[in-house]
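Please look at the sequence and the structure together. The paragraphs below go through them step by step.

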Amino acid sequence: MKKNAQGERLVRCPQCSGDSVFAPSNKWRPFCSERCRQIDLGAWASESFRVPATPPQDPDEFASDGEPLH
């Protein structure tokens with residue numbers, strides 16, 4: 001496990017792949033900075049990140065909350 005001079009755990013930033021302190025002292029964890037956190041949030045908001053799914057086979061199929069899936 002990689003650590004900094006203060007003995008805090010370092011992990012890879014999910015956005016830039018740089019070192020990121022994974023401790024309460026880093027308010028943007030697991031990101032290394034606010035910039036990387038904002039870039040990631042923007043990607044989710046613009047739907048750049050998606051979870052693949054297949055459409056339901058039965059058009060009358062409903063979600064668990066009772067609303068139609070289409």
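What follows moves from the overall layout to a group of cysteines and then to the aromatic rings.

The model shown here is predicted. The protein has two strands and one helix, and along the sequence they come in the order β-β-α. Strand E1 covers residues 10–12 and strand E2 covers residues 19–21, while helix H1 takes in residues 34–45.

Some totals describe the chain as a whole. Of its 70 residues, 17% are buried. The accessible surface amounts to about 5,800 Å², and carbon and sulfur atoms account for 52% of that area. Among contacts with a separation of 6 or more, 3% join residues that are 24 or more positions apart.

Where in the sequence does the annotated site lie? The unreviewed UniProt entry lists Cys13, Cys16, Cys32 and Cys36 under "binding site". These residues are spread over 24 residues of sequence, yet they cluster in space, with a largest C-alpha distance of 8.3 Å.

Two of these cysteines can be followed in detail. Cysteine 13 is found in the loop between strand E1 and strand E2. Is cysteine 13 buried or exposed? Its relative accessible area is 0%, so cysteine 13 is buried, as the cut-off for buried is under 20%. Beyond its neighbours within four places in sequence, cysteine 13 touches Gly18, Ser20, Pro30, Phe31, Cys32 and Cys36. Two of these contacts, Cys32 and Cys36, also appear in the UniProt list.

Cysteine 36 belongs to helix H1. Cysteine 36 has a relative accessible area of 2% and is therefore buried. With neighbours within four places in sequence again left aside, cysteine 36 is in contact with Cys13, Gln15, Cys16 and Phe31. Phe31 is thus a contact of cysteine 13 and also of cysteine 36. The contact between Cys13 and Cys36 links the loop between the strands to helix H1.

The aromatic rings come last. How many aromatic pairs are there? The count is one. This pair is made by tryptophan 44 and phenylalanine 49, whose ring centres are 5.0 Å apart and whose planes stand at 65° to each other. The arrangement is edge-to-face because the angle is over 60 degrees. Phenylalanine 49 has 35% relative accessibility, so this residue counts as partly exposed; that class lies between the cut-offs of 20% and 50%. Another ring, that of phenylalanine 22, has arginine 29 over its face, at 5.6 Å from the ring centre.

Technical notes: Residues are numbered from 1 along each chain as its sequence is written. This is a predicted model: local features need pLDDT of at least 70, side-chain atom pairs count only at pLDDT 80 or more; totals for chains, interfaces and linings use all residues. Side-chain values use heavy atoms; hydrogens and water are left out. Rings of Phe, Tyr and Trp (its six-membered ring) pair if their centres lie within 6.5 Å; planes under 30 degrees apart count as stacked, over 60 as edge-to-face and the rest as tilted. Buried means under 20% relative accessible area, exposed over 50%, partly exposed in between (1.4 Å probe, protein chains only). A charge sits over a ring if NZ of Lys or CZ of Arg is within 6 Å of the ring centre and within 35 degrees of the ring normal. Helices (H or I, at least four residues) and strands (E, at least two) are DSSP runs, numbered from the N terminus. Contact means heavy atoms within 4.5 Å. Accessible areas come from the Shrake-Rupley method with a 1.4 Å probe; for residues, only the protein chains shown count as cover. UniProt positions are given in the numbering used here, feature names are shortened, and annotations may be inferred rather than shown by experiment.
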